Amino acid sequence: MNLLSLALMRTQMARNSVEAEQFRDAMASFAAGVTIITTLDAEGTPQAATATAFSSVSLSPPLCLVCIDRRGRTHGPLLVHGCFAVNILRADQEWLSARFASSMPDRFADVAWQPGEHTGCPLLEGALASMECRIAEVHSGGDHDIFLGRPASVRVGGGSPLVYWRGRYRDLPVQAEARAGQGAASPSSRT
Ligand SMILES: Cc1cc2nc3c(=O)[nH]c(=O)nc-3n(C[C@H](O)[C@H](O)[C@H](O)COP(=O)(O)O)c2cc1C
């Protein structure tokens, strides 16, 4: 490829790129579960951030990924501790999502948790599921880093998931149906 075609290709790529706002709007259409990613800093103090950029990657071996902002308080501790726990939130844990996305200094105040057996990372009480992971690889992804985690333990609880879609927390239709069903059923069940 000569220099002229390289320059043309670059111009074309620049023309084809979308603005951050457009990208955010499109991504907001993707309904996501909400997780709290926890770890420990060099002093052993819990650190955590709300994250929806979480995904399963592979079954054999089991691998998952989470994308974490390099400018956030949790990023450095993740690199130092080399482990994290994923806490998948239940529908009634919206307050935990807000708490761990806030700028509050002690975000763990009044939050019930236990240290994971394998990594010491906080496992939040009442989570829909929790998973301790050892960091297998870290890849750069723009202003975030992609942490590839190999699960060391899993714990699955009961309940319905907290869902984030188009900038708001949502109920799954199945939950709404269940509630409507309960509402309709309760008077007759009393008779
Ligand atoms: C619903 C929701 C989803 C979020 N998802 C992510 C994410 O996937 N990755 C990330 O780095 N930050 C994500 N954030 C932002 C972080 O939670 C937030 O910037 C961080 O906890 C602020 O912490 P800091 O004070 O350590 O910077 C999300 C926030 C909200 C409310």
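Strands β3 (46–51) and β5 (62–69) each supply at least two residues of the shell around the ligand. The model is predicted. In it, 18 residues surround the ligand. The closest are A51, A53, D69, G72 and R73. By class, the shell has nine nonpolar, seven polar and two charged residues.

**Overall make-up**

The chain holds five helices and twelve strands. It has 191 residues, and buried residues make up 25% of them. Contacts reach far along the sequence. Of those between residues at least 6 apart, 65% join residues at least 24 apart.

**The sheet**

Seven strands form an open sheet. Their order is β3-β2-β6-β9-β10-β5-β4, and the pairing is antiparallel. The edge strands are β3 and β4 (54–59), and each pairs on one side only. From one strand to the next, the twist averages 35 degrees. Strands of a sheet pair through backbone hydrogen bonds, either parallel or antiparallel.

Three of the pairings can be followed strand by strand. Strand β9 (residues 129–141) runs antiparallel to β10 (residues 144–156), and twelve bridges join the two. Within this pairing, R134 has R150 of β10 as its bridge partner. On to the next pairing: β5 and β10 are antiparallel over six bridges. There, I68 is partnered with D145 in β10. At the β4 edge, β4 and β5 pair in the antiparallel sense over five bridges. F54 has V66 of β5 as its bridge partner. A hairpin of two residues joins β4 to β5.

That connection carries a cis peptide bond. The bond runs from S60 to P61, with omega near 5 degrees. P61 is found in the loop between β4 and β5.

**The nonpolar core**

Which residues have the most contacts inside the largest nonpolar core? They are I37, F84, V86 and L89, in a core of 30 residues. The elements that give two or more residues to this core are β2 (35–40), β3, β5, β6 (83–88), β8 (122–124) and β9. Strand β6 gives the most, with five residues. Two of these contributors, β3 and β5, also each supply at least two residues of the ligand shell.

V86 is a good place to look at the packing. Leaving out residues up to four places away in sequence, V86 touches T35, I37, F54, C64, V66, S130, M131 and C133. One of these contacts, I37, is itself among the residues with the most contacts inside the core. Two others, F54 and V66, are bridge partners of each other.

L124 lies in strand β8. Why does L124 count as buried? Because 23 other C-beta atoms lie within 10 Å of its own, and the cut-off for a buried residue is 20 or more. Leaving out residues up to four places away in sequence, L124 touches I36, N87, L96, V111, W113 and S130. S130 is also on the contact list of V86. L124 and A85 are 39 residues apart in sequence, yet their C-alpha atoms are 9.3 Å apart in space.

**Exposed loop residues**

Two neighbouring loop positions come next. A109 sits in the loop between α4 (94–99) and β7 (113–115). Its C-alpha atom is separated by 9.7 Å from that of R99, ten residues apart along the chain. D110 is found in the loop between α4 and β7 as well. D110 has a positive phi of about 65 degrees although it is not a glycine.

R166 also has a positive phi, near 50 degrees, in a residue other than glycine. R166 is found in the loop between β11 (163–165) and β12 (168–170).

Are these three residues buried or exposed? The counts of other C-beta atoms decide, so the table lists them against a cut-off of 12 or fewer for an exposed residue.

| Residue | Other C-beta atoms within 10 Å | State |
|---|---|---|
| A109 | 8 C-beta atoms | exposed |
| D110 | 8 C-beta atoms | exposed |
| R166 | 10 C-beta atoms | exposed |

A109 is exposed, D110 is exposed and R166 counts as exposed. L124, by contrast, is buried.

Notes: Residues numbered from 1 in each chain as written. Predicted model: local features only at pLDDT ≥ 70, side-chain atom pairs only at ≥ 80, totals over all residues. Near = placed C-beta within 6 Å. Helix = DSSP H or I, 4+ residues; strand = E, 2+ residues; numbered from the N terminus. Nonpolar A, V, L, I, M, F, W, Y, C, P; charged D, E, K, R; others polar. Pairing = 2+ DSSP bridges. Axes fitted to C-alpha atoms, helices over the stretch in contact; angles between N-to-C directions. Contact = placed C-beta atoms within 7 Å. Core = buried A, V, L, I, M, F, W, Y, C linked by C-beta atoms within 7 Å.
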